[in-house]
Every structure is written in C-alpha cells, then in structure tokens.
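Me: Could you take one part of this structure and look at it closely, strand by strand, before moving on to how the chains meet? I would like a careful, connected account rather than a list.

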Amino acid sequence: MKLLEKLWRALDERYDLQPLVAFAREKSVPCHRHDWMYYFGGLTLFFFLVQVATGVLLLLYYRPTAEAAFESVQFIMTRVPFGWLIRSIHSWSANLMIASAFVHMFTVFFSGAYAKPRELTWWTGVVLLLLALGFGFSGYLLPWNELAFFATRVGTDMVSKVPFVGHWLLKVLRGGEDVTGATLTRFFGIHVAVLPMVTTFLILLHLAFIQRQGIHVPEGEKPVRTRPFFPNFVLREAMVWLVGLALLAALAAFFPWELGKKADPFAPAPAGIKPEWYFLFMFETLKLLPAKVAGIDGEILGLAAFTLGGLFWFLAPLWDKRRARGERNPWALAVGWVVLLYIASFTVLSFLGVFK
Amino acid sequence: MAEQRKVSRKTFVNWLLGTSLGATVVAALYPVFRYVLPPEVAEAPTNRVLAGKLSELPPNSGKIFRFGAKPGILVRTPAGEVRAFSGICTHLNCTVQYRADFQHIWCACHNGHYDLQGKNIQGPPPRPLEAFKVDIVGDDIYVTRGA
Amino acid sequence: MKWIPAASLVVLTLPALAAPPSSVVGAPGKPAQDTCTECHKALDDPRLQGPANLAADDIHHRQGVTCAGCHGGDPTAEDPEQAMDPKKGFVGKIPAQRIPEVCGSCHSDAAFMLRYAPNIPTDQLAQYRTSKHGLALAKGDTRVATCASCHEAHGVLPASDARSPVYPTRIVETCERCHGDKALMANYGLSGQEVAEYKESVHYQALTVKNDLSAPTCNDCHGSHGATPPGVSSVSNVCGNCHLTQREAFDLSPHRDAFAIMEQPACEACHGNHKVLPPQDSWIGVGEGQVCGSCHSAGDKGAEVASALFGALDGTVKRLEAARQRVEQLEARGMLMDDAAVQLEEAHQALVLARSEVHTANRQRVEAQTSQAQQALAKAEGLAKAAEDELRFRHNGLKVSLVVILVAVVALALKIREIESRAQ
C-alpha cells in the first residue's frame, strides 16, 4: 500500500490529479427499480475487451490464407496449450457481446435515453451495434470452414441487390467476383484492423458523451436516489463482469465451438445454410417475401424495407418529440415492443425450424 | 467490542475480496501464459513432414511414415533414387509396403502391385498411388503433399 | 482312299485361308478406294446403303481393305455386273458358317497381319474352333455367335475404341444379345439369367461404376474367342488369376482336396459364378443362408470351426465399430485423435487380412490376424480414454475457476454491503 501511495503522490505532483479525483467522487448513478439496465452497456464493453484480448492471442497462431486458415485454427484447438479455451471464448464472447449490445440498445430505447440532449450517444451507439455485426460477419469467415464459406457467399450475395452500386459493393467486399482466398484476406484485414480502429474511436466518443452528460433517468422515475459511481457502481459492475466471465468459461468448456469441415469451393452447398443467429430474423423475412412484388424483385423490397426501418429507428431522437420534452411516449414504447417482438420471435422461430 | 468485530469483519472482507480477485486474475492469466509459449510442433500441420533419414534408407528398401493420421511410403529405388507416395492402397485402403524381392510396392491384403512410379501394375488396385514431392536436405528426407 | 474326302476338304479350305490378293487389299495406312462404297452409298435400300455409310469409320476400310477383301468381286469396276461378278470371286452376303474362315483368312495369317498390326494375336480362329460357339457352328447351328456377331461386319472398330461392342465396359451388352434371350438359351440348356446375375455382381459394379477396366467381364473368365465356361477343376485357377491371395489360402485348406474329390467348383461353391456379391462375415456358419451349411451340419468339426471363425471376425468388427464411434465423437468435441485413427487403420487392415485367411479354414491363422486387430484396438481405446480424461480435466478445471469466480462475486457483494451500510 505504501508503494501505491508513493506512486500516487509522484503522479499527483506532476499532473495534478485532484480535479480527476473530485470528478470521480462526484460521479453518481441513479437508483430506481429499472437500474439493472445500466449494467448492460458496461457488460458489452467487457465482452469487447475479452474479444480484443483473445483476438490478439489468436493472432499469434492464426494464418489468414485459404490454404492454411482452417489448419491453423485446428492447430490452435488441438495443439496449443489452452488454445481450445481461447478460441471457444472468442467465439462465445462474440455472440454474448452482440446479445448484450441488443439488450443495451433496447433498454436505452424503452427508457427514452436517446432523446435530446443524448442524440449523439444514441447515434454512436447504433453505429457501434452495426460495427459489432460487422465484426461478427467478418470474423465468422476466418476459420474457413464449410458453413462459414457458404454463409459468407449467401450474405455477400445480398449486397449485390443494392441498386446501382450493388455489383461494385460485391466486388469490393469479396475481393473478386466470388468468395475466394482474396475474400479471406480482405475480411481478415477488416476484422483485425479497420473495425477495431473505428470501434475504439466510437467507444471512446460514446463513453465521453456519457461522462459529460451523466446517466439518463427514465421519465416517471424522478426524483431518484443516486449511488456513487466509485466505488459502489464499479463494484456492482465488477460483479456483473465476473458473472459474464464465468458464463464465458462455462460455455467454452461445456459447449466448445465446433470447427467443422474445411471449405471446398467446388462442393455443393450443404443443406440448411443459415447465417449466425443475429442475422436470422432478416434472413427468414427475406425468404418469406414473394419473388416479385408489382414487378420489383422481392428481395430488393425487403432490403429497402430494412434500410428504411433501420433509418427510422436510428432517427428516433428526431421524431420522438414527446420524450425530448421529458414526457412519456406510449407510441415510442409500442414501436419498441413491435421491433423487439419481431426480432425475437423470428429468431426463435427460425431456431425451432418453423420456416422451412 | 462491536467496533472490533466491525473492524475485523471489514478486514476479512477486504482480504477475501483481494484474495478472490487475485485468484480470478491468476486463473485467467495462467492459460494465457501457457498459450503464448509455442508447443513442440511449432507449426500447424501443413503438407510437409520429415519422413526419414537418408542414412537409414538403403537402396531397394522402403519405409512407412506418417502424414498426420495417414500413412505414406518412402521408397529408395535399387538405383538409389528417393521417392514418396501415399501409403494407402487404392483398392480397399490397406497400408502398402515395399518388397525388396519384387523391387516394387506391394499390398498384402489382396496382392496388389505398384511399380516404382506408384502406378498400379497388377492385382485389384484401380488407380496409382498419389506421388509426393521429395526434398533432401543433408541427411533429412522431407516429403510434401500437393495442396 | 478314305483320306481323299478329308484331303479335299483341307485343299478346298486352303484357298479360303490364303490372304486376299493385293488388288483387293491395299497398302496399310491408306484408306481404301472402291467403287462398291461409292455406288452403295447412293442406294435407297437401307440394307444395302448401311454398310457403305459405315465404311468411313471401319478399321478395315481405313487400313486399305476394300469391300472386295471379304466379299470378293472387282473393287475397281464401275459396272455393277463386273464389280459383282461371281467369276471374280464375288460372294455377296457371306453365310454364317463361312464367316470365321473369311475373317481368319487375314487374321490368322501372322505374316500378313505383321504389315498392319503386329501386336494383335493371330490365334482367334483356332481358339474359336475350340469354343462352344465354334463347335456348334461346325455342326451346322447358325444361331451361335460368329465373328460378326460381336465385332460387327461393317463399321468394325478396334476393341480399344470405346464405341466398339467389345470394349470392356460394353462386352456385357454384346453377350446379352443372345445370352439374355431365355427362349434362345433354352435350346442349349442355359437359363438365360447369367447376364442379369452378372449385372448384380461386384465385378460389374467395379467395371461400370468405378470404371475399373481391369474388373472381369464375360471374356475374362470364359475366354473371348475360345469362349467356354471354365471346367469345375479350373474355377479356382480362373478366380485365382486376380484373387491370388485367397486362392493360395484356399490351397492350404482341407477344402481344396475335398472339393476336387466331390467335383465341386472351388470358389463358386460359396461365392457363386456370375452373381458374385460382396462377401459378408455372416455367410460363415451352418445356419439358414450360410455357405458352410451346404456341406456341414451343426455339431460336426466344420461347423465348430465356422462358428469360431465367425466369432473371431464378428467380435473384432463390433469392437472396431465401437472404437471408431468413440474416436469420432472425441474428434467432434475438438480433440486431436490422429494417433488413435492410425491404430484404427491398423485394426482395419488386420481384419481385411483375417478375411483372406478365412479361406484356409484354419482357426489359428484367422485368430492370429484378429488378435493383432484387437491389440491395435486396445491401443486406440487407450488413446480415446486419454482424450476423455483430458476433457474431464478441462471440465474440472473449469468448475474450479467457476468456484473461484463465485467466491469473488460473493466477496464483492459483501464489500458492497459493507460500504453501503457504512454510508447509512
């Protein structure tokens, strides 16, 4: 302890840490019956940090070429000490991170935290969710196994449906006309360099905004008690993080992530190719649409609908005038429930195999 | 007395917290430390193995080596040249062997014969043995499988 | 003077055996030019036009043999009467009984064939005369196969050409034209089922599905020109041509002499002749549908041995299957099972050898192989256990970490409570 004190005094002398300490002491988090939702943002951050750590470790052994990628992942899983653990944690944490991000987004939406003055926080948040989905999509291909190869083919095919720039986008994403080793290289670069860079920047912005503005309290819960951020909320958050860690370890050990078979571009697609669960609701919706609606390709209509829907969701701070004034908005709640139920039900039903 | 209990209680909680968090950190970092030290077989099993030594392979002899889970056969022809083939008979997947009396490759299961080019010349095997690339570095014989 | 008819027969046939003159058979390599083809191509009757249309692909025609080379006549004459003049040797449609001689007039002449295709054998006619077909034809039966029946008369292609009716994969259909005709075969005491049975066999599968041209088809066991079913005593030799290991094993068994005495066709007794199916371990025994039961009955020495053989094989097969499943499950759970896979392959190989040894009907020899398989399986099972132990170790390690984390969570909860009670 003495050593820590000495260190603190040395830093304080040089950098005047008092304002920081004062800020930290003042920081507080509201307490109310819905305050459990405040933990999910931090939990998402925790899973992201786990991804960075395990991702860097995987980088020590992974090889991003079509010839060696599968074998290198197999090597990690079978020959590197605890490689099985690192890889399975990386795969599970990806899914948990996205799940946590969705929960965080919905709790924010339902509590109306996107309203003025927190528009930018909402917008950086939505973009962060999209980036997380991008991480998931690009990372999924990296083991270069059969499922991933075909899922990527189908997924990138969707891009070509965008009017005018569709084919150009397809070629940029795939690094060519078809999914090949070039696609793998590109996805690898996106996954370990481009996305981390942009995500880190946006996370810092997102956190900075929150620090500056404080935590939002849902309408109808004022007046509230608060609890200090340091140490109370931090300790509680630490508990949540530890539970997340325990969950990851349990999943990695009891439900290790499969490797499957190496991708063979010339083999026919195996039956029942599906994207990862977080894309399922879109996938099943597109499959339900008729081939042509009033002369327009059903899929293009579907994609347009999703784009418009997403834009609508994104612009919530602008159309929700009531929340901006600090009032409750049952319409916004209804929108939130419809979206949540739609996504949840389609995902669950897809798993149950209802869509055949 | 109550104060003392409170103090010792607080000390206990602090100790428990510190120890358990420390143990968690150790439990998390131990696999990481083990992970970063490379295993003995330092590379992912690609398509290249050290199949044998030249000094241990006299002319007109053969040796079975392993390519991962699959057998390969290393052959030194009577003329002294080193060749390598898949050791899996193309008939019913038995492991072939070198027969010095035939001076070529033979399969014990159903009497299949392959010449020194790996071509099936007699018996039930329908196809030749896949040929591998051989590289000799000093005394070491490296065999590479096609991609 | 009894020899005069015989001598005259020989003398009469001699000209037929002499190679045709060079006026009708051109130099090798240059396609034949004859008026026959030119005129016949312009005819309306398909029976007369057909052969002319096939001339371009016909190997004989391409090598310079004119139509007159077989049919006689003058291939240079424009006038049909001169071209088809019997005085110039014109025969017209060659009667079935004379076909072998006509073909043989070139194909049995080694010196002649040397100019065209030195590597083709010249014994076809001699062989044919020994065959069932040849013998029947000599007695006057014209329903049997002659050269043209299998090789065609016009548009003849080399046997190595995939379009030829005697290309290895097509021989079955060619023989089937007659041998699949039950009514026709009834005249000879044959069932007409043989080809259909062959088509169910492993040999046919190998030939047509696996494209293995070395798989036996009709001519490989029966001979092509000397087509005759192998005699009872020679079945073992015929099968043993390819299946040498099993034949040698059979020769070590008491069955070899016993079958010879009983005049049983060795391999065929258990494996069939045409409908040769993949042999099953379950065939071994004296029960219903089991091959040993044809001669042995329950309780005799043979039945005892059969039961022991089957037991050795079946026990090993079951253990191999179980071990394989166990290893596959471990692989699916992410364990590296290469070493175990190698042991499983060794066990599989010993099992294959054991099945060959079954032909010796010798318990010790078969069990020598199955016990090798069992040893390899024991090793594989050991490796599987080690992998399962490693998985258990991981699960236990996890449980320990979970406990540690749980304690940390509890400690945090206590700390929070302590801080918040202090704040009160």
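Reply: Two strands are taken to pair if DSSP finds at least two bridges between them, and with that in mind the part I would choose is strand 10 of chain B, residues 140-144, in what is a predicted model. Strand 10 of chain B is joined by 5 bridges to strand 1 of chain B, residues 48-53, and the two run antiparallel; B:R48 stands opposite B:T144 in strand 10. Strand 9 of chain B, residues 131-137, is likewise joined to strand 10 by 5 bridges in the antiparallel sense, and there the bridge partner of B:D135 is B:Y142. Strands 9 and 10 of chain B form a hairpin with 2 residues between the strands, in which B:G138 takes a positive phi near 65°.

The side chains of strand 10 alternate, in that B:I141 and B:V143 point to one face and are buried, whereas B:D140, B:Y142 and B:T144 point to the other face and are not buried. Thus B:T144, the residue opposite B:R48, and B:Y142, the partner of B:D135, both belong to the face that is not buried.

Chain B also holds an open sheet of 4 strands in the order 5-6-7-8, with antiparallel pairing. Its edge strands, each pairing on one side only, are strand 5 (97-99) and strand 8 (120-122) of chain B, and the twist averages 40° from one strand to the next. Strand 7 of chain B, residues 112-114, pairs with strand 8 over 2 bridges, and B:N120 in strand 8 is the bridge partner of B:Y114.

Turning to how the chains meet, the contact between chains C and B takes 23 residues from chain C and 22 residues from chain B. On the chain C side, the elements that give two or more residues are helix 18 (244-251), helix 22 (338-357) and helix 23 (363-423) of chain C, and helix 23 gives the most, with 10 residues. By class, that side of chain C divides into 13 nonpolar, 4 polar and 6 charged residues. Between chains A and B, 16 residues of chain A are in contact with 12 residues of chain B; helix 4 (69-78) and helix 5 (83-110) of chain A are the elements that give two or more residues to the chain A side, which has 10 nonpolar, 2 polar and 4 charged residues.

The largest nonpolar core has 81 residues, and those with the most contacts inside it are A:M97, A:W144, A:A148, A:L242 and A:L248. Helix 5 of chain A gives the largest share of this core, 13 residues. A:L242 touches B:T24 as well as C:I405, C:A408 and C:V409, leaving aside residues up to four places away in sequence. Apart from this core lies another, of 50 residues, among them B:I105, C:V358, C:V366 and C:A373.

Chain C itself has 23 helices and 0 strands. Its radius of gyration is 35 Å, well over the 22 Å that the globule rule gives for 424 residues, so chain C is more spread out than a compact globule. The C-alpha atoms of chain C fill a box of roughly 135 × 70 × 40 Å along the principal axes, and 33% of its 424 residues count as buried.

Definitions and conventions:
Residues numbered from 1 in each chain as written. Chains lettered and ligands numbered in written order. Predicted model: local features only at pLDDT ≥ 70, side-chain atom pairs only at ≥ 80, totals over all residues. Contact = placed C-beta atoms within 7 Å. Nonpolar A, V, L, I, M, F, W, Y, C, P; charged D, E, K, R; others polar. Core = buried A, V, L, I, M, F, W, Y, C linked by C-beta atoms within 7 Å. Buried ≥ 20, exposed ≤ 12 C-beta atoms within 10 Å, placed from the backbone. Axes fitted to C-alpha atoms, helices over the stretch in contact; angles between N-to-C directions. Rg over C-alpha atoms; globule rule 2.2 N^0.38 Å.
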